[in-house]
Amino acid sequence: VETDGKKPEPTGPEPLQAVVAQEQNPVENGSNQREPSRVGVNDQAESSGPAVKEGTSSPPPAVLSYEFVFPYWSVWSLGEGQAPEDVDKPIDNPPLSTLLIESPQSGTVTVGGDITFVAKVEAKDLLRKPTVKWFKGKWMDLASKTGKHLQLKETFERQTKMHIIKAKDNYAGNYRCEVTYKDKFDSCSFDLEVKVESSQAIDIRSAFKRSVRCVYSYFHLVHGKTREHKQQDDTPEVDVWEILKNARPDQYEKIAFMYGITDLRGLLKRMKKMPKEEKKSAAFAKKLDPAYQVDKGGKIRLVVELADPTVDLKWYKNGQEIRPTPKYIFEHKGTQRIMVINNCSSNDDAAYSVVAGEEKCTTELFVKELPIKIVKGIEPVKTTVNERIELECEVSEEGAQVKWMKNGVEVPTGVRSRYRVKCEGTKHYLVIDDASKEDTGTYSVMASGGTSEAHVQVDLKPLKVFQDLQDMTVMLGQPIKLHCEIFPGNVPGRWYRNGQLIQPSDRLNIIHRAKIHRLEIETSSLHDAGDYTFVPEGYSQSLSAKIHIIDPPRVHLESLNFPDNTVTVVAGNKLRLEIPISGEPAPRVVWMKGERVIHAETYGDQTSLTIEVTDMMERKKKQSSRWMRLNFDLIKETSFEPKKMIEGVPYEVRIFAVNAIGVSKPSEPSKAFTPLAVTSEPTMLVVDDVTDTTVTVKWRPPETIGAAGLDGYLVEYCIEGSESNLNNIEKTKYTITGLTPGCKILVRVKAINKAGASAPRTLQHSVLVKEVVEPPKIRVPRHLKQTYTRKVGETVNLVVPFQGKPRPKVTWIKEGNPVEPSHVSIRNTDCDSIIFIRKADRNHSGKYEMTVQVENHVDTAIIDIQIVDLPGPPQCVTIEDVWGENVALVWTPPKDSGNAPITGYTIQKADKKTMEWFTCIEHYHRTCITITELVVGNEYFFRVFSENMCGLSELATQTKKSALIVKEGLQMKIPEYSDHDFKEPPKFTQPLINTFAVAGYNATLNCSVRANPRPKVIWMKNKMTIFEDPRYRMFSNQGVCTLEIRKPSPYDGGMYTCKAINDLGEAQVECKLEVKGQCGPGGVH
């Protein structure tokens, strides 16, 4: 423990000797450098105490070091701690583990003083930095208080320090330091006692008397210091403190008024801060510590010393008396009374007290639970349905709580759940008695110290088939028997026909005996035919067979009622025979005359033969010899319209006569003819315009014109209730004139060619002959809805479309006055208005109002045009102040902003000797600035440019006076005892050197870096970070960084980089490594 600080001054040599003794610790460990942050009392101790001998031993081991500071003006509280009863007695510390090689020691400090607690961590064999935490009491983590009021530092020697500056009395209490690295853990506790010096005498009447000439603050009262005025008495006449100590609280105001004390609130605060005299215990020579900590399963000894050994002693836990048991063992050693608690558990985390006679002392025991680790994880399982699944894991401690998860969701383990959880000692089980397909998934078990997961796969059971179902063909009315034999025999199943479940009935029986499954149908019907399937329950296989029901075909000639089955008919008449037939599946009917097959028709259960005379036609192209049939259905009429012929190609036609007996010879071919087709109807017939006496319609040509071409159009119109009028035209637009106002007409259009007129295209509704007034509407483009900005000298060309009938009247107004054609050119059409400015000027800026009017209908739109230019310079630039190497400038915005907002300023400086201008800052938005880092002894002028969207102003405003940076005189400053800041960004003092290595022999790369705080060192090969590669070993000792490459090969050659990074910056060096082959008889390979 180190105590340091400037105030209050030590009153005797004893504290200084104690501090010097503690200063010798780092010397004994081999360090001959003082900590940079240890100042104040340490310096006085070194000057007045015995000299410290410098050590010459080997360098200290690698340790990690942190430091955090509690400033005096802290607004947070460390909590109400309890100071140790006797700090002069030695404190028993637990033995150091492999992590902590030096633990912080308990200490005492006065109010306003400084104290440092040091802990060293062994980090030589650690791959990364361990986690170090500081606590006050049980739960308060001091790392959460870092910032202005709490500093946590790590020194280059890797010492962990807790440094308290200007301590308060409520900083007293029990503290704890914890170190964690992977599965290693170490902790130690220590106490801090804050005392108030009673030797500081204060004139209370002057201290708490408000006046203009003398002001006292809370800071001076705590440190026992006042601002003395000229006429102040050195000693108080009356000891008011003694009077206040012996008085009741309700008499404080009366006493303060009697002795002229006006600051009653400050008096009460000081009274509250005064230390209370604690009564010395008559029963205890040494009481219990405020708190103890033990790991779960460990052993703890609670020790008290009695002043009178004959006094009866009783131990209590949460108010209940403790009796001697194997868990609680009581020991007596002289005046010491010891209670040993074995095998500590979470139930032992409680408040303990010991009563000796009339006195009582208490403490708290904190039992720290170790994380539950999974010693043996669960294993993957692959099984089938209806089997039992048991997942097993083993944890590090009996009675631990674990959580089972399936696919990231906790497994329900209630009474009605399919899952059961059991525990046997350190083993935990998850049991699924009757597994199903839905149980497939990823199962995991979670403990406080880790997790384990495995995949469970549940498949359907394989089935052994001794006899499969057989396809059957059954005569109609015969029984059907389906039979199969499977293993195992106790498996039920279901029968399906064509995907439909089969249920037992009077004529259908399902039998299951051991391994045999049978389906029996007494009398088959046509509906029994189909696909039969047997599906065993719980298995992926199924058995299937197909049943065919057949019935022999029969011809029922007896239904004709003709004797000897002979039919007589008159020649030339039509004959039709309908004969019933039967059979399953449906028979194929063939009519024959002799050896020749005759065409007939069959419908379901009967066949029909019709004998009559019909015709068949064929066609061919004139230049071809291939005839093609025109009608596949025979025709009875003597006229036929052939289709699907190519337009414009000559064809010939011939005809055959056909009856039930056969086909006649063909007729002579007809004369050649060429098919022509009319066009399709015109498209998109619409009304284009309507006036009081005319109607204009327009349309588009037909989609299909054909080989005959298009000769023109036939326009037909009629007034409702009268005949139509015809007009032949060639264009696709026509105006009907001479109409009576107010009448309604219908219009249709046909396309004309050699084949004739096409189908007409008609207007859907009649047209009223009356001119329609369409209200005006201005269609402002999107880019003109905002301010239209252009620079001076650019061209402005804006097109604003509008609509309205008849032709609207357009007017432009700027700021209430018509637009002058000499400045702005405006051209109006039927559908838009164009405003054109050949060379824009700032006078053209403004809001232009466009008005479109049709009769009494008006529509307006406003176009905002802004013409911008470079801004003018600032109006006035003055030097506001000059101090040190700094100059404060102030200026006013420019009078001419260039018709655009000012976006910033550019400030330049020039030395009076050279008058060369250099830019200090660009795009600066404010109108005042402080120019820093000026050269002492130089005289400077400054100038400022204004800036808008067009750029910088052409001219700049310069300061009228110059600013001389004078060298300040030397002033003696009283040295302040403050921590020197050794922080600096990384800097390599020794770079990497290009190296040649021999394959198979270890190679090392070395460099040295200087930085504070200690930098993080990263090694890279060819710009790729080297991370956890067993072929590389990285060391860092006292700023020397080493990379060892184990048995390199030629592939390990390349560019190696060493990068050092801390909070202040980063630096890197690199080198090239070449690896050559081993030397053989022929030399280097």
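# Exercises on a predicted chain

Of the 1085 residues in the chain, 35% count as buried (under 20% relative accessible area with a 1.4 Å probe, protein chains only; over 50% is exposed and in between is partly exposed). The model is predicted, so local features need pLDDT of at least 70, side-chain atom pairs count only at pLDDT 80 or more, and totals for chains, interfaces and linings use all residues. Residues are numbered from 1 along each chain as its sequence is written, and side-chain values use heavy atoms, with hydrogens and water left out.

**Exercise 1.** State how many helices and strands the chain has.

*Solution.* Helices (H or I, at least four residues) and strands (E, at least two) are taken as DSSP runs, numbered from the N terminus. On that basis the chain holds seven helices and 84 strands.

**Exercise 2.** Find what share of the chain's contacts between residues at least 6 apart in sequence joins residues at least 24 apart.

*Solution.* First, a contact means heavy atoms within 4.5 Å. Next, take the contacts between residues at least 6 apart in sequence: 64% of them join residues at least 24 apart.

**Exercise 3.** Classify the ring pair Trp134 and Phe190, and place both residues in the chain.

*Solution.* A pair of aromatic rings is described by the distance of the centres and the angle of the planes. Rings of Phe, Tyr and Trp (its six-membered ring) pair if their centres lie within 6.5 Å; planes under 30 degrees apart are stacked, over 60 edge-to-face, and the rest tilted. The whole structure has nine such pairs. For Trp134 and Phe190 the centres are 6.0 Å apart and the planes stand at 75°, so the pair is edge-to-face. Trp134 belongs to strand β7 (residues 131–136) and Phe190 to strand β11 (residues 184–195), so the pair links distant parts of the chain, 56 residues apart. Trp134 is buried at 2% relative accessibility, and Phe190 is buried at 1%.

**Exercise 4.** Do the same for Trp891 and Tyr905.

*Solution.* The ring centres are 5.5 Å apart with planes at 65°, so Trp891 and Tyr905 are edge-to-face. Trp891 lies in strand β66 (residues 886–891) and Tyr905 in strand β67 (residues 904–911), 14 residues apart. Trp891 is buried at 2% relative accessibility, and Tyr905 is buried at 4%.

**Exercise 5.** Name the aromatic cluster that contains Trp134, and the charge over Tyr175.

*Solution.* Phe117, Trp134, Tyr175 and Phe190 make up one aromatic cluster. A charge sits over a ring if NZ of Lys or CZ of Arg is within 6 Å of the ring centre and within 35 degrees of the ring normal. Lys136 lies over the face of Tyr175, at 5.8 Å from the ring centre.
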